[in-house]
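This report describes the architecture of a single protein chain. It moves from a helix pair to the sheet, the core and the overall fold.

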Amino acid sequence: MKTIHKIGVVLKEGCDIEGGQFAIDALQKHIVMDDVIRLDETRIKEQDPLYLDAVVDLNAKLKTSVRKAFEQGDFPLIFGGDHALAIGTISAVAQENHAILWIDAHGDCNTEVSSDSKRIHGMPLAVVQGHGHPLLTQLVDTPIEAKNILLVGIRSLDDAEEALMKEWGVRWLSMEEIRSQGIEWMHQEVMRFVNQAEHLHVSFDCDSMDPMHYPGVNTPVRGGFVSEEILPLLEAVLSLDTIRSMDIVEYNPTRDPNRDTLNLILNITQRVETQLRRK
Ligand SMILES: [Mn+2]
């Protein structure tokens, strides 16, 4: 049996949207966290739209915490907080040929140059490949190779970001493609990708889901997944021996009046626990 090490990350500065800072409080009513990492507000500098110092500092602390759990042989399961935290989680676990399955409405492949919003939660997948602001990329010891990345559920890319993803050779399954080819096709493509991985990290952004059903996210985009489309896939991925870590991010409890998004996160967490108990 593999021990799950649960880490809550209190973070909204990567997206600068109100409400996300309460995610871990809301989750802790149901989930016992082994560690909680908070952004040090004294590191927020005036007139810095990126909150760069504070986000770098948080990711450095998170990296240390995740690496410690990982080196003990535990399975790090990280709850957020906005997606900027994936810089810390992935840099902690990445080894040669590490594969990333990124389930999201967005590409998260902007750099501080390509990004219009300058929000770091739109940059983590660029940073873990070694692209972006040097203070962010210095956290990355082993950059992830583009061929080892698959994004799923994509329906909102910036033009400059899409150009970068093509240039780097990052592959994504857009929602448009998934709707035209079918969910079965998506499952086959994802399984083909994860089955060839030596080590796998899964990054699950709650905004991959349809906001009609799961509104509790920072940056909703219409036309996402329903749970029957994603839970069986996650279950199959979680059953693999090669999965090493996972994060579940972008929960915003102030936009989740019926707690549907909370319940989805609890459901996924339970599936992680069930699958890891078998290992
Ligand atoms: Mn994201």
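## Helix pair α2 and α3

Helices α2 and α3 cross with right-handed geometry. Their axes approach to within 8 Å, at a crossing angle of roughly 40 degrees. On the α2 side the contact involves Asn59, Leu62, Lys63, Val66, Arg67 and Phe70, and on the α3 side Ile87, Gly88, Thr89, Ser91, Ala92 and Val93. These descriptions, like those that follow, refer to a predicted model.

## The sheet

In total, ten helices and eight strands form the secondary structure of the protein chain. An open sheet of eight strands, with parallel pairing, follows the order β2-β1-β3-β8-β7-β4-β5-β6. Strands β2 (35-38) and β6 (171-174) lie at the edges with a single partner strand each, so one side of each has no neighbour in the sheet. From one strand to the next, the twist averages 15 degrees. Helix α3 (residues 86-93) packs on this sheet, where it touches β3 (75-80), β4, β7 (199-205) and β8 (243-249). The direction of α3 makes about 175 degrees with that of β8.

Strand β4 (residues 98-103) runs parallel to β5 (residues 149-154), to which four bridges join it. Towards β7, also parallel to β4, there are six bridges. Individual bridge partners of β4 residues are listed below.

| Residue of β4 | Partner strand | Bridge partner |
|---|---|---|
| Ile100 | β5 | Ile149 |
| Ile103 | β5 | Val152 |
| Ile103 | β7 | Phe204 |

Is β4 enclosed or open to its surroundings? Six of its six residues are buried, so β4 is largely enclosed by the rest of the structure. Both faces of the strand are covered: buried residues His98, Ile100 and Trp102 lie on one side, and buried residues Ala99, Leu101 and Ile103 on the other.

## Core and burial

In soluble globular proteins, nonpolar side chains tend to be buried together. Here the largest nonpolar core comprises 85 residues, and those with the most contacts inside it are Val9, Leu85, Ile87, Ile90, Leu101, Ile149 and Ile265. Helix α2 (residues 52-71) contributes the most to this core, with seven residues.

Leu85 illustrates the surroundings of one such core residue. Leaving aside residues up to four places away in sequence, Leu85 touches Val9, Leu11, Asn59, Leu62, Ile78, Gly80, Asp247 and Val249. Asn59 and Leu62 also belong to the α2 side of the contact with α3.

## Cys109

The loop between β4 and α4 (124-127) holds Cys109. This residue has 32 C-beta neighbours inside 10 Å and therefore counts as buried. Apart from residues up to four places away in sequence, Cys109 touches Leu125, Ala126, Glu161, Leu164, Met165 and Val170. Thr261 is 152 residues from Cys109 along the chain, and the C-alpha atoms of the two are separated by 25 Å.

## Overall fold

The C-alpha trace of the protein chain spans about 50 × 40 × 40 Å along its principal axes. The radius of gyration is 17 Å, which agrees with the value near 19 Å for a compact globule of 279 residues. Of these 279 residues, 50% are buried. Among contacts with a separation of 6 or more, 74% are between residues 24 or more positions apart.

Conventions:
Residues are numbered from 1 along each chain as its sequence is written. This is a predicted model: local features need pLDDT of at least 70, side-chain atom pairs count only at pLDDT 80 or more; totals for chains, interfaces and linings use all residues. Helices (H or I, at least four residues) and strands (E, at least two) are DSSP runs, numbered from the N terminus. The radius of gyration is taken over C-alpha atoms; the globule rule is 2.2 Å times the number of residues to the power 0.38. A residue is buried if 20 or more other C-beta atoms lie within 10 Å of its own, exposed if 12 or fewer, and partly exposed in between; C-beta atoms are placed from the backbone. Two residues are in contact if their C-beta atoms, placed from the backbone, lie within 7 Å. A nonpolar core is a set of buried Ala, Val, Leu, Ile, Met, Phe, Trp, Tyr and Cys residues joined through C-beta atoms within 7 Å. Two strands pair if DSSP finds at least two bridges between them. Axes are lines fitted to C-alpha atoms, for helices over the stretch in contact, and angles run from 0 to 180 degrees between N-to-C directions. A crossing is left-handed if the near helix is turned anticlockwise from the far one by less than a right angle, and right-handed if clockwise.
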